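Colleague: I would like a close look at one part of this model. Please take me through it step by step, and explain each term as you go.

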Amino acid sequence: MRILGIFTLVMLACTLLCGLWMKFGPGEKDAGFHGMLSVATVVLSMVTIVVFMLKLPK
């Protein structure tokens, strides 16, 4: 569970950095890669939230 949470935070940070690079960085912009990274991050975040909710004590 901890590894999944850490991996999700790293993916969120990478998505944010990629978006900022697309907005302010020089050179070619690869929107396809950013879109794929964003979708993967959202899916992984949802999986992390569901796993966390299932592990909550009742």
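Modeller: What follows starts with the whole chain and then turns to helix α1.

This is a predicted model, so local features need pLDDT of at least 70, side-chain atom pairs count only at pLDDT 80 or more, and totals for chains, interfaces and linings use all residues. Residues are numbered from 1 along each chain as its sequence is written, and side-chain values use heavy atoms, with hydrogens and water left out.

The protein has two helices and zero strands. Both terms refer to DSSP runs, numbered from the N terminus: H or I over at least four residues for a helix, E over at least two for a strand. The radius of gyration, taken over C-alpha atoms, is 14 Å. The globule rule (2.2 Å times the number of residues to the power 0.38) gives 10 Å for 58 residues, so the protein is more spread out than a compact globule. Its C-alpha trace spans about 50 × 15 × 15 Å along the principal axes.

Now to α1. This helix covers residues 2-24, which is 23 residues. From first C-alpha to last it reaches 33 Å, close to the 33 Å expected. The expected span is 1.5 Å times one less than the number of residues.

Which residues of α1 are buried? They are Thr-8, Met-11, Thr-15 and Cys-18. Buried means under 20% relative accessible area, exposed means over 50%, and partly exposed lies in between (1.4 Å probe, protein chains only). Across the protein, buried residues make up 19% of the 58 residues.

What covers the buried residues of α1? The cover includes α2, residues 31-55. Thr-41 is found in α2. Thr-41 is itself buried, with a relative accessible area of 3%. Leaving out residues up to four places away in sequence, Thr-41 touches Met-11, Leu-12 and Thr-15. A contact means heavy atoms within 4.5 Å. Of the contacts between residues at least 6 apart in sequence, 61% join residues at least 24 apart.

Last, the cysteines. The structure holds zero disulfides (a disulfide is a pair of cysteine sulfur atoms within 2.5 Å). Cys-14 is in no disulfide, and its nearest cysteine sulfur, that of Cys-18, is 8.7 Å away. Cys-18 is in no disulfide either. Cys-14 counts as partly exposed, at 37% relative accessibility. Cys-18 counts as buried, at 15%.
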